[in-house]
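Trainee: Could you take me through one part of this structure in detail, namely the sheet and what surrounds it, and then turn to the charged pairs?

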Amino acid sequence: MSTAVSPVRKKLPIGIQSFVKLRDGDAHYYVDKTGYAVELAQTGNCYFLSRPRRFGKSLFLDTLKQMFEGNRALFNGLRADQRWDWTRTHPVIRISFGGGVLKSRADLDERLGELLEDNQDRLGVACTHSSLAGRLAQLIALAHAQTGQTAVVLIDEYDKPILDNITDSATALDMREGLKDFYSVLKDADEHLRFVFITGVSKFSKVSLFSGLNHMNDITLDARYSAICGYTDTDVDTVFAPELPGLDREEVRRWYNGYNWLGEGVYNPFDLLLLFDRREFKPYWFETGTPTFLINLLANAKTFTPDIGHMVAADTLLSTFDVDHIPPEALMFQAGYLTIDSVWRIPGRMEITLKYPNLEVQASLNDSLLQYLVGNASLPGPYIGRLYRLLQAQDFAGMRAMFQAFFSSIPHDWYRNSPIAQYEGYWASIFYSHFAALGLDIRLEDTTNKGRIDMAVLFQAQVFMFEFKVVELVPEGRALQQIKDKRYADKYRARGEPIHLIGMEFSQAERNVVGFEVETLK
């Protein structure tokens, strides 16, 4: 889809979820997604879309609302303008859980009642049924009867009441049952419905939440709609062209691009808009939500942090989970902390390799993981910055001293009381997360014709190759010797850069680095 170049600077649509406000006077930048809206409305009638938070789902739903209500003036010059039948309008029922946090089933029932009343008032109908599900069914039927046109139902953040209580399984299950009863109405209201669109962050199983909605088309992993939310590279270079001067274009890509749902990759719009506003590279999206539950889930699963950036899962695992069974890779993918890297297909099955979408997520998530791994949020910060300076100076003696000081600063009680500190990959996880928190170019388990390198770091025209070994008490020299015996450096010789071979040995008894050998190849 082509996108017009913005010739002059406009207002940045930060936080705007209203299509009316966004299109008022053409004062704001707008990436035209109306072609997707028309295509969906013309080819189907019941859709589900999962995308991470702050990706523009609410704005897309409001775009659908304005289109079905026939507000053509808002679409002047957009793709939908000439492709949509503006002579026929439909009553729209909008349900959104975006605002506020619901802490109990009673809160949920009260909120649903308020949402139904708001829609009744806007559509000018009066429902008499007492149950919430009954009132929704009656609202849909009355909207159809009053206008003579079938109704449109748009549900935004359908899963938020569950996710807000995900650490309290009893409440989360109670919320799920309440929502299941409410959404079940859509199954039998088909004769009164023109179009249904449901969005959320997570894809809960149909059995648990959408029982009976067998005709619902899940477009989450449909390559045609990979860019239905978010901004593409073309959007950045055209629509937002006036904002690019003064910014390193490649750094913009490294920091915020990379999300993919089997099709065209996209940027997180929240990040990009704040970058254009503040002109500084920061983890804007990551900072808006503390992934405490995710960190705890990864820790409880004793996840080896170097493996996070290349997890492998079947598409069926990624596309669904439930309150009492949440695979870490599914949660990380759906919540936006991992995205699709590559796909392997055989008939009837698709296996997906995941990766960090960009530098923001890799650095920020590993920073949070590092804080958890050592049980002290303030401990890693100074060491991470120091590591960067040591790499710049190729100061290996300083690097060894830094890591020894870091491990020594972890309280003994943390080792004794924390289950995560007992598993074999703990040492390497801490070491890796220091580098990942810096957002460096890291190659893990990099394959050569002789074996696999534990970790290679490409930084400022230098190659740093690491091999880790865990020993009982004293260094044995096996780590560096393995790099040399396996000729791991051969893979990088063609770069013509200095290659530093670094063998590290950790003592289980000392809980520290006891061996740190370095050899540099010019």
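Mentor: What follows looks at the sheet, beginning with one of its strands, and then at selected salt bridges.

This is a predicted model, in which local features need pLDDT of at least 70 and side-chain atom pairs count only at pLDDT 80 or more, while totals for chains, interfaces and linings use all residues. Residues are numbered from 1 along each chain as its sequence is written, and side-chain values use heavy atoms, with hydrogens and water left out.

Strand S4 covers residues 193-200, and seven of its eight residues are buried, so the strand is largely enclosed by the rest of the structure. Buried here means under 20% relative accessible area, exposed means over 50%, and partly exposed lies in between, with a 1.4 Å probe and protein chains only. Helices (H or I, at least four residues) and strands (E, at least two) are DSSP runs, numbered from the N terminus.

Strand S4 has a parallel neighbour in strand S1 (residues 46-50), to which it is joined by five bridges, and in this pairing Leu49 stands opposite Thr199 of S4. Strand S3 (residues 151-156) also runs parallel to S4 and is joined to it by five bridges, with Val152 standing opposite Phe195 of S4. Two strands are taken to pair if DSSP finds at least two bridges between them.

These pairings belong to an open sheet of five strands, in the order S2-S3-S4-S1-S5, with parallel pairing. Strand S2 (92-96) and strand S5 (217-218) stand at the edges with a single partner strand each, so one side of each is left without a neighbour in the sheet. For S2 and S3, five bridges join the two parallel strands, and Arg94 stands opposite Leu154 in S3. Helix H2 (residues 34-43) packs on the sheet, where it touches S1 and S4, and its direction makes about 130° with that of S4. Contact means heavy atoms within 4.5 Å, and the axes behind the angle are lines fitted to C-alpha atoms, for helices over the stretch in contact, with angles running from 0 to 180 degrees between N-to-C directions.

Now to the charged pairs. Side chains of opposite charge can pair when their charged atoms come close. The structure holds 26 salt bridges, each being a side-chain nitrogen of Lys or Arg within 4 Å of a carboxyl oxygen of Asp or Glu.

One of them joins Arg9 to Glu243, with the closest N and O atoms 2.7 Å apart. Arg9 lies in the segment before helix H1 (19-23), whereas Glu243 lies in the loop between helix H10 (233-238) and helix H11 (249-256), so the pair ties together parts that are 234 residues apart in sequence. Arg9 is exposed, at 56% relative accessible area, but Glu243 is buried, at 1%.

Another salt bridge, between Arg105 and Asp109, has its closest N and O atoms 3.3 Å apart. Both residues belong to helix H4 (residues 105-123), and being four residues apart they are separated by about one helical turn. Arg105 is partly exposed at 27% relative accessible area, and Asp109 is partly exposed at 29%.

A salt bridge also forms between the side chains of Asp233 and Arg253, at 3.4 Å from N to O. This pair links distant parts of the chain, with Asp233 in helix H10 and Arg253 in helix H11, 20 residues apart. Salt bridges that share partners join Asp233, Asp237, Arg249, Glu250 and Arg253 into one network.
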